[in-house]
Amino acid sequence: MKLGVVKETFPGERRVAIVPQNFVDFKKLGLDVFIECGAGSGAFISDNDYKKAGAEVVSSREEILRNADIVCYVRGPGADKNNLNDLNVLKKGATIVGMMDPLANPDIIQKVAKSGVTAFALELMPRVTRAQGMDVLSSMATIAGYRTVIVAAYIFSRIFPMLMTAAGTLLPARVFIIGAGVAGLQAITVAKRLGACVEAYDVRPEVKEQVQSCGARFIELGIETKEASEKSGYAKAMSEEFYKKQREMMFKVIESSDIVITTALVLGKKAPVLVTKEMVERMKPGSVVIDLAAERGGNCELTSPGEIVDYKGVKIVGLINTPSDIPIHASLMYSNNIKNFLKIIIKDGQLYIDKSDEIVTGTLVTQNGEIISEMVKKALVKT
Ligand code: NAD
């Protein structure tokens, strides 16, 4: 079978869907790889690197799309207007694999369905142990969580660790992390390694132990509830009354923090606003808010996606497409996830869609002109 990879078109996107390290496995699966010229350049992988690994480098995007049985994307067709036309070019019966954000983009996913392709959206991977090696959200959140702290340290007006020097004692930075999922826990460990004094909060009470095992203090607000967790492990959307109470309870912690890193997300919903203008006003000038939820509307009221807002001396950073800022490792992790996933959907050199496998049914979004995913269908009804 032919595996095609085209250059990502989304503005600023530097990741590539597959890397040469995985070609031994692709060969074992019976896949011949065709990659668009320059597809790896953002991640510093040259056409020659791909050629040496055994790929055929092709200058025409259309040629790849017309001939490939499976096309792997970082961001699927419709992520931007430049790659939506891919749907008109893809070979009949083609399969596409990538991140398609189907819950946030129901109109695009309808177009994907209409085109007749079989589409797998990897963000919908079930959070079960067997699927960990294919969990793109965890991979990207790991990179993003690390990056939040590096950006904070770069912008912060003081240093992170405590230093006792002949020129005086410097107190450690106080970092407060809101949302302790994959990104938040990673941010905790990086901030700890830099010597900060780290506190964290999550609405799901089961996270407390994980926060503590990463070396941070878990802030108890007294409002954490088992009802905040979905069976799938994600946080549930809570009422505006709940969020109001949460903001009130967090006021003091935020006021005494130098750096606030927000990572709080609710699957398929706008991110809750947890840090208000009044809270930022009470932070010391020179402090920093890093909002990793900026693309989902932001956890901070003052966030502007992709920008650094200076509000009375406090900088609010609206991070966007953060994994793409670390393209080599983000691409490597993503490609490993793709490789592991292809091992599930390819048997004896042929596409094998086993609908009794939760990994397959969880991620399969469109097939034979229709939307298959129950989760996406539900999201469509709500829009
Ligand atoms: P996410 O990116 O959807 O959300 C980030 C965090 O924000 C979550 O921890 C969530 O509880 C938190 N949050 C939401 N609303 C909040 C609020 N109002 N205040 C504070 N925090 C709030 O989450 P994620 O990182 O993708 O993780 C989701 C779950 O999946 C977690 O339970 C994680 O441990 C689990 N997981 C399991 C596996 C596995 O294999 N088994 C792999 C990865 C993740």
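Biologist: What makes the approach of Asp 202 to an oxygen atom of the ligand a polar contact?

Modeller: A polar contact is a pair of N or O atoms within 3.5 Å; within protein, one must be able to donate a hydrogen and the other to accept it, and residues adjacent in sequence count only if both atoms are side-chain atoms. Here an N or O atom in the side chain of Asp 202 is 2.6 Å from an oxygen atom of the ligand, so the pair falls within the 3.5 Å limit. Keep in mind that this is a predicted model, where local features need pLDDT of at least 70, side-chain atom pairs count only at pLDDT 80 or more, and totals for chains, interfaces and linings use all residues. Residues are numbered from 1 along each chain as its sequence is written, and side-chain values use heavy atoms, with hydrogens and water left out.

Biologist: Which other distances from an oxygen atom of the ligand can you give me, for Gln 132 and for Gly 181?

Modeller: Gladly! For an N or O atom in the side chain of Gln 132 the distance is 3.0 Å, and for a polar backbone atom of Gly 181 it is 3.1 Å. On its own, the ligand has 840 Å² of accessible area, and the protein covers 87% of that (Shrake-Rupley method with a 1.4 Å probe; for residues, only the protein chains shown count as cover).

Biologist: Which residues around the ligand come nearest?

Modeller: Arg 127, Ser 138, Val 182, Asp 202 and Arg 204 do, out of 23 residues around the ligand; the test is a heavy atom within 4 Å. By class, the shell has 12 nonpolar, 7 polar and 4 charged residues. Ala, Val, Leu, Ile, Met, Phe, Trp, Tyr, Cys and Pro count as nonpolar, Asp, Glu, Lys and Arg as charged, and the others, Gly among them, as polar.

Biologist: Why is Cys 197 called partly exposed?

Modeller: Buried means under 20% relative accessible area, exposed over 50%, and partly exposed in between (1.4 Å probe, protein chains only). Cys 197 has 34%, so it is partly exposed. Cys 37, at 36%, also counts as partly exposed, whereas Ile 316, at 0%, counts as buried.

Biologist: Why does Cys 197 have no bond to the closest cysteine sulfur?

Modeller: A disulfide is a pair of cysteine sulfur atoms within 2.5 Å. The closest cysteine sulfur, in Cys 214, is 15 Å from that of Cys 197, which means it is too far for a bond. For Cys 37 the closest one, in Cys 72, is 19 Å away, again too far. A search of the whole structure finds 0 disulfides.

Biologist: How many bridges join strand E9 to strand E10?

Modeller: There are 5 bridges between E9 (residues 174-178) and E10 (residues 197-201), which run parallel. Two strands pair if DSSP finds at least two bridges between them, and strands (E, at least two residues) are DSSP runs, numbered from the N terminus. In this pair, Arg 174 stands opposite Cys 197.

Biologist: What makes E11 and E14 edge strands?

Modeller: Their open sheet has 7 strands in the order E11-E10-E9-E12-E13-E15-E14, with mixed pairing. E11 (217-218) and E14 (308-311) each have a single partner strand, so one side of each is left without a neighbour in the sheet.

Biologist: How covered is strand E4?

Modeller: Mostly covered: 6 of the 6 residues in E4 (residues 70-75) are buried. E4 pairs in the parallel sense with E5 (residues 95-99) over 4 bridges, and Ile 70 stands opposite Thr 95.
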